[in-house]
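Student: I've got a model open and I'd like to talk through how it holds together. Can we go through it question by question?

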2 protein chains.
Amino acid sequence: MPAAVRRPATRILFPLYPGVTHLDFTGPHQIFSRLPGASVRAASLAGADIEGDGLVFTHLDHLEDIEACDVICVPGGLGCTAAMNDTAFVGEIRRLARGATYITSVCTGSLILGAAGLLKGRRAACHWAWRDLLPLFGAIPDESRVARDGNIITGGGVTAGLDFALTLVAELRGAETAQAIQLSLEYAPAPPFDAGRPDQAPPNILARVQALQAPAVGRRAQAALAAARL
Amino acid sequence: MPAAVRRPATRILFPLYPGVTHLDFTGPHQIFSRLPGASVRAASLAGADIEGDGLVFTHLDHLEDIEACDVICVPGGLGCTAAMNDTAFVGEIRRLARGATYITSVCTGSLILGAAGLLKGRRAACHWAWRDLLPLFGAIPDESRVARDGNIITGGGVTAGLDFALTLVAELRGAETAQAIQLSLEYAPAPPFDAGRPDQAPPNILARVQALQAPAVGRRAQAALAAARL
């Protein structure tokens with residue numbers, strides 16, 4: 001095929017920050033890495049190495065140097081509260097999202113989209129334990145695993161990133177391409193337990209996870225601080 | 001609790017190699033990173049940075065310097081055929097597996113376990129498109145998403161690593177801990193399509209994925225080469 005008629009690559013970007021939950025982006029990244037005609041990049045402020053849950057990612061692009069992207073996908077993580085108060089990081093998200101065809105996130109990444117002022121009056125998904133913070137940014141919490149509001153497509157907590165990414169692939173290239181990637185990654189999930197959502201988990205398990213999250217209690221104040229900048 | 005009665009950490013090790021499919025290990029790694037009392041490490045020969053599908057992992061441990069681990073988990077990937085013919089890498093897998101309580105893998109990682117001589121007469125899972133290579137190493141292919149044969153626990157293709165890891169967490173710390181981690185990662189999968197296994201995917205999708213994999217046709221010869229060393 002002559003270069004002149006070749007479709008330009010779909011530019012997919014994951015902006016990373018310290019304390020990201022790595023599966024929030026490695027799941028979608030793996031799916032997008034199999035998408036024909038896509039260029040997938042991961043970037044951080046100044047291209048700094050990024051640590052998340054014990055894995056360190058290097059050779060990242062400089063977020064500031066990226067001119068534009070078609071899809072921006074912001075992952076979540078415990079570091080999201082610091083990220084949403086990092087005005088340089090949030091500024092880059094805002095700049096790149098404004099030129100993007102799709103503005104997306106996984107998990108608490110939607111709170112960072114919120115801090116960038118991108119979710120006012122829009123429905124968005126989020127990790128179940130953090131979803132109640134979305135209204136601070138004028139967003140409407142959506143309990144769906146993958147929520148869509150116009151060009152904003154957001155996934156719920158962590159593993160929802162896989163379902164989100166396949167949904168986006170179908171949007172970008174059609175259902176058959178999404179199914180082919182699903183088959184190549186053998187995504188026929190069979191969890192050994194049925195405890196993945198608060199309404200599915202036994203009450204004692206829910207209480208245990210909520211107790212574990214108690215140390216993150218300062219997050220509301222930090223999110224409010226970020227929201228106050230809007 | 002005084003140090004004397006503290007249970008020693010469960011040492012979980014991911015040996016990495018170039019061309020690993022990153023989700024094969026990032027999925028289980030994310031799950032194990034939430035396991036109380038576990039020390040999770042990723043290592044490579046000489047601690048070299050490892051690239052997989054466009055992501056580069058750094059600050060890895062030196063595989064040769066790791067004295068022992070309780071769980072060894074070998075991920076798969078297109079690089080597995082080179083890895084199973086890398087006698088230094090396979091030698092480290094063999095050494096560490098012999099001292100491990102659990103010998104495990106995700107996806108085509110089971111072929112590397114096979115090349116290390118660890119699967120003779122044992123049932124093992126593998127990515128559906130590569131499963132037929134297991135008998136080269138004396139292993140018995142198992143179509144289960146998570147297969148168990150004694151202390152050998154193996155997952156099927158890529159995303160099976162999530163189900164594998166929760167299964168292993170339940171084995172190590174009980175069902176409640178596994179359920180708590182499942183809830184914290186919101187693992188209530190809802191794939192938008194039902195095409196994750198060859199028997200589920202439409203025939204044209206299966207044919208398309210098989211055609212994409214044709215360039216990897218040399219893999220059988222490479223696997224046979226590795227098997228000849230046993």
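Student: Let's start with the aromatics. Which residues form one aromatic cluster?

Tutor: Keep in mind that this is a predicted model. The cluster takes in residues of chain A and of chain B. Its members are A:Phe14, A:Phe25, A:Phe32, A:Phe57, A:Phe164, B:Phe14, B:Phe25, B:Phe32, B:Phe57 and B:Phe164.

Student: How are the rings of A:Phe57 and B:Phe57 arranged: stacked, edge-to-face or tilted?

Tutor: Their centres are 5.0 Å apart, with 50° between the planes. Stacked needs planes under 30 degrees apart and edge-to-face needs over 60, so neither label applies. That makes the pair tilted.

Student: What does the pair of A:Phe57 and B:Phe57 join?

Tutor: Both partners are buried, A:Phe57 with a relative accessible area of 0% and B:Phe57 with 1%. A:Phe57 lies in strand β4 (residues 55-58) of chain A, and B:Phe57 in strand β4 (residues 55-58) of chain B. So what the pair joins is two chains.

Student: What kind of axis relates chain B to chain A?

Tutor: A rotation of 180° superposes chain B on chain A, with 0.0 Å of shift along the axis and an RMSD of 0.0 Å. That is the relation of a two-fold axis.

Student: And in chain B, which residue has the C-alpha nearest the axis?

Tutor: It's a residue we've already met in the aromatic cluster. Its C-alpha sits 2.4 Å from the axis. The residue is B:Phe57.

Student: Why do the copies meet through the same surface?

Tutor: Look at how the interface residues of chain B map onto chain A. The copies meet through the same surface because the share of chain B's interface residues that are also interface residues in chain A is 100%.

Student: Now for charges. How far apart in sequence are the parts that B:Asp70 and B:Arg11 tie together?

Tutor: These two form a salt bridge, with the closest N and O atoms 3.0 Å apart. B:Asp70 lies in the loop between β5 (61-62) and β6 (71-74) of chain B, while B:Arg11 is in strand β1 (residues 10-15) of chain B. So the pair ties together parts whose separation in sequence is 59 residues.

Student: Is B:Asp142 buried or exposed?

Tutor: B:Asp142 meets B:Arg123 in a salt bridge at 2.5 Å, N to O. B:Arg123 is partly exposed, with a relative accessible area of 32%. For B:Asp142 the relative accessible area is 11%, and under 20% is the cut-off, so B:Asp142 is buried.

Student: How many salt bridges are there over all chains?

Tutor: Besides those two, there's one between B:Asp149 and B:Arg122, with the closest N and O atoms 3.5 Å apart. The count over all chains comes to 20.

Student: Over in chain A, which side chain makes a polar contact with the side chain of A:Thr81?

Tutor: A:Thr81 lies in helix α2 (residues 80-84) of chain A and is buried, with a relative accessible area of 7%. Leaving out residues up to four places away in sequence, A:Thr81 touches A:Trp130, A:Arg219 and A:Gln222. The polar contact, at 3.3 Å, is with A:Gln222.

Student: Last one: which residue lies over the face of A:Trp130?

Tutor: This residue is among those that A:Thr81 touches. In chain B, B:Arg219 lies over the face of B:Trp130, at 4.5 Å from the ring centre. In chain A the distance to the ring centre is 4.6 Å, and the residue is A:Arg219.

Terms used: Residues are numbered from 1 along each chain as its sequence is written. Chains are lettered from A and ligands numbered from 1 in the order in which they are written. This is a predicted model: local features need pLDDT of at least 70, side-chain atom pairs count only at pLDDT 80 or more; totals for chains, interfaces and linings use all residues. Side-chain values use heavy atoms; hydrogens and water are left out. Copies are superposed by least squares on the C-alpha atoms of residues with pLDDT of at least 70 in both. Contact means heavy atoms within 4.5 Å. A salt bridge is a side-chain nitrogen of Lys or Arg within 4 Å of a carboxyl oxygen of Asp or Glu. Helices (H or I, at least four residues) and strands (E, at least two) are DSSP runs, numbered from the N terminus. Buried means under 20% relative accessible area, exposed over 50%, partly exposed in between (1.4 Å probe, protein chains only). A polar contact is a pair of N or O atoms within 3.5 Å; within protein, one must be able to donate a hydrogen and the other to accept it, and residues adjacent in sequence count only if both atoms are side-chain atoms. Rings of Phe, Tyr and Trp (its six-membered ring) pair if their centres lie within 6.5 Å; planes under 30 degrees apart count as stacked, over 60 as edge-to-face and the rest as tilted. A charge sits over a ring if NZ of Lys or CZ of Arg is within 6 Å of the ring centre and within 35 degrees of the ring normal.
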